[in-house]
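Student: I'd like to go through this structure with you and ask how each label is earned. Could you show it to me?

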Amino acid sequence: MKEFSKNAKNYEEYNIIQKKVAKKVVSLIDRDCKTILDLGCGSGGIYKCIDWRLDNFVGIDSSKNMCSLHPKGENVEIINMDYEKDIVYDELLKKRKFDIVCSSSSLQWCNKLSQTVKNFSKLSDKCAVSIFCDKTFKTIYDISGLDRFLPDFKEVVEIFSNHYDIEFQREFYKLYFEDNLSKFRYIKKSGVSGGVKRLSYKETKKLIENYPLDYLEFEVLYIKGSK
Ligand SMILES: C[S@@+](CC[C@H](N)C(=O)[O-])C[C@H]1O[C@@H](n2cnc3c(N)ncnc32)[C@H](O)[C@@H]1O
């Protein structure tokens, strides 16, 4: 999570994929949803794509810097908290209901996704989310031997199916770069480095020299749920 705070300003310039993904999540939200809870709202990827009037938009993000970059407004409430904490659901939002809970490019870092989904499913009968899955940076993982830390899409689908009737879609994206150094700079600055940061300087250098593709790979799972 610190990664996002440190790169909060850079994130605005390096979040090409996340912007595209947030737009698609918003396309899964019915326009009659007027009260929205956004988990891991960041600098407003979701909010900025909503072009209809809302009664209330609540965003939660554990990074103070990201919260400060989120658009403000009369109907906008930004809460600087960790959405994995039960207290968010048992106390803070206990008596509230939302037309939909959404989240984009964030839930893949949950330590216990099943608990978080269980918790937020109490607040709304609908959800629309995107989650990066384990084919993201596939070639980097294949050649470096690093452990994958992103979830397998099947596990995520199963978790959501326990609480919602779901429709899901997997999308694979390729982001092209002129050289390998720019790819690794992108990974660092976009806040999606995950396991790659565990490599030593020497290992990273070797990986940069040997990376065989002129693009980075991403796997994103979109889920639309209703009860
Ligand atoms: C890749 S950014 C996506 C931001 C935004 N949803 C978008 O689509 O542009 C992920 C965000 O999730 C937040 N985040 C990750 N884990 C979180 C947690 N457990 N509680 C609250 N925020 C979290 C990070 O601080 C970061 O701002």
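Student: What makes a backbone atom of tyrosine 83 a polar contact of the ligand?

Tutor: A polar contact is a pair of N or O atoms within 3.5 Å; within protein, one must be able to donate a hydrogen and the other to accept it, and residues adjacent in sequence count only if both atoms are side-chain atoms. A polar backbone atom of tyrosine 83 is 2.9 Å from a nitrogen atom of the ligand, so the pair falls within the 3.5 Å limit. Before we go on, please note that this is a predicted model, where local features need pLDDT of at least 70, side-chain atom pairs count only at pLDDT 80 or more, and totals for chains, interfaces and linings use all residues. Residues are numbered from 1 along each chain as its sequence is written, and side-chain values use heavy atoms, with hydrogens and water left out.

Student: Which other polar atoms lie 2.8 Å from the ligand?

Tutor: A polar backbone atom of glycine 40 is 2.8 Å from a nitrogen atom of the ligand, and a polar side-chain atom of serine 106 is 2.8 Å from a ligand oxygen. Taken alone, the ligand exposes 600 Å², and the protein buries 98% of that (areas by the Shrake-Rupley method with a 1.4 Å probe; for residues, only the protein chains shown count as cover).

Student: Which residues come nearest to the ligand?

Tutor: Of the 20 residues around the ligand (a heavy atom within 4 Å), Gly40, Asp61, Asp82, Tyr83 and Ser106 come nearest.

Student: Why is aspartate 82 called partly exposed?

Tutor: Buried means under 20% relative accessible area, exposed over 50%, and partly exposed in between (1.4 Å probe, protein chains only). Aspartate 82 has 30%, so the middle label applies. The residue sits in the loop between β3 (76-79) and α5 (86-92); helices (H or I, at least four residues) and strands (E, at least two) are DSSP runs, numbered from the N terminus.

Student: What does aspartate 82 touch beyond its neighbours within four places in sequence?

Tutor: Its contacts there (heavy atoms within 4.5 Å) are Ser62 and Val88. Serine 62 is 20 residues away along the chain, yet the two C-alpha atoms are separated by 4.7 Å. A polar side-chain atom of aspartate 82 also lies 2.8 Å from the backbone nitrogen of glutamate 84.

Student: How do you know that strand β1 is largely enclosed?

Tutor: Because 5 of the 5 residues of β1 (residues 35-39) are buried. Thr35, Leu37 and Leu39 lie on one side, Ile36 and Asp38 on the other, and both faces are covered. In a regular strand the side chains alternate between the two faces of the sheet.

Student: What makes β1 and β2 a pair?

Tutor: Two strands pair if DSSP finds at least two bridges between them. β1 and β2 (residues 56-60) have 5 bridges in the parallel sense, with phenylalanine 57 as the partner of isoleucine 36. β4 (residues 100-104) is joined to β1 by 3 bridges, also running parallel, and there isoleucine 36 stands opposite isoleucine 100.

Student: How many disulfides does the structure hold?

Tutor: The count is 0, where a disulfide is a pair of cysteine sulfur atoms within 2.5 Å. For cysteine 33, the nearest cysteine sulfur belongs to cysteine 102, 9.0 Å away. For cysteine 67, the nearest is that of cysteine 41 at 5.2 Å, so cysteine 67 is in no disulfide either.

Student: Are cysteine 33 and cysteine 67 buried or exposed?

Tutor: Cysteine 33 has a relative accessible area of 1%, so it is buried. Cysteine 67, at 7%, counts as buried too.
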